[in-house]
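Me: Hello! I would like a close look at one part of this protein, the aromatic side chains and what surrounds them. Could you walk me through that part?

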Amino acid sequence: MDRFRQIETFVAVATRGSLSAAAQAEGVAPAVVGRRLDALEERLGVKLLVRTTRRITLTFEGSAFLEDCQRILNDYHNAEASVSAGGVKASGHVRVTAPAGFGRRHVAPLVPAFLAAHPDVTVSLDLSDRLVDIVNEGIDVAVRIGQLDDSSLVGIRLADNERVVVASPSYLAARGTPMHPEDLQHHACLTFGTGGSQSRGWLFTVEGRVEPVRVGGPMECNDGAVLHAWALAGHGLAWRSMWEVADEISSGRLVKVLDDFRAPDNAIHALFPQRRHLPLRVRMFIDHLKHTYGNPAYWAGTRSDDAPSR
């Protein structure tokens, strides 16, 4: 129990940014919090936090340990809630946000079934490609794709996802097939524009390192559905997620290129604020997404005529 308490305290300090804030949340004196952290670091034999009179920062080891601790605590609280929930029904309101294209295609269609199973719950769904401030905007859960940067949030992996470079057979027949990311400078690349998530370039694994490659072409758009349509029409190469283009690849309408240089997994996650107890309605909604996405038949049945996005 002492070890578990130390982990809870470490997460509270790391996410709240101070010993006093963590102590207030746990209802103990700051000195108690300090002693727990000292004992944890001594037991592990590493420095997790750099503490000064003004601020607390995580060390490299502390950042890695925090991610694991958050996952452990979340799994524990979910297991505890599963046992104690018994016949209690989920109720209340759930505020969800998701990227526009993915949300239209893979979140919105799942809401009616969830509400049918939990009639005392209501859902608000915000579809937006902007980075929503989950805490300050009162969001219960955010569906996000790609690397998770905010350590104050808890992330649950919902599904694997990869980004691939695709083009139509007609484009490749006319312009040739790129064999190396450097070849893209000689091709028409359909880009998201300077303000989008691809502004630093398309990512590839080159000689064991993930590197951004600047690309360009005569056409760009800040709507992923348009880029998708342009690629299908043979206007150039596009860098799209597999959840969006898998059907067209399977049918031959799009062809993958540069697979040997594919970037690492761009997984789909559910994010929510660090809380001691996740409301049952929120946990059930996340479980609904995870169960659906975890079924291979779901992705095999994805329709290609739904509106995709980045």
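To start with, are Trp202 and Trp239 buried or exposed?

Reply: Happy to help! Both Trp202 and Trp239 are buried, where buried means under 20% relative accessible area, exposed means over 50%, and partly exposed is in between (1.4 Å probe, protein chains only). Before going on, please note that this is a predicted model, in which local features need pLDDT of at least 70 and side-chain atom pairs count only at pLDDT 80 or more, while totals for chains, interfaces and linings use all residues. Residues are numbered from 1 along each chain as its sequence is written, and side-chain values use heavy atoms, with hydrogens and water left out.

Now to the rings. The structure contains eight aromatic pairs. Rings of Phe, Tyr and Trp (its six-membered ring) pair if their centres lie within 6.5 Å; planes under 30 degrees apart count as stacked, over 60 as edge-to-face and the rest as tilted. One of the pairs joins Phe102 and Trp243, which are edge-to-face, with 5.1 Å centre to centre and 85° between the planes. Phe102 belongs to helix H5 (residues 100-106) and Trp243 to helix H9 (residues 242-251), so this pair ties together parts that are 141 residues apart in sequence. Helices (H or I, at least four residues) and strands (E, at least two) are DSSP runs, numbered from the N terminus. Phe102 and Trp243 are both buried.

Back to your two tryptophans: the ring centres of Trp202 and Trp239 are 6.3 Å apart and the planes are at 25°, so this pair is stacked. Trp202 lies in strand E9 (residues 202-206) and Trp239 in strand E11 (residues 237-241), so the pair ties together parts that are 37 residues apart in sequence.

Trp239 has a charged partner too: the charged end of Arg163 sits over the ring of Trp239, 4.7 Å from its centre. A charge sits over a ring if NZ of Lys or CZ of Arg is within 6 Å of the ring centre and within 35 degrees of the ring normal.

As for Phe102 and Trp243, these two form one aromatic cluster with Tyr293, Tyr298 and Trp299.

A last word on the cysteines, in case you wondered. The structure holds zero disulfides, a disulfide being a pair of cysteine sulfur atoms within 2.5 Å. Cys69 counts as buried because its relative accessible area is 1%, and Cys189 is buried with a relative accessible area of 1%.
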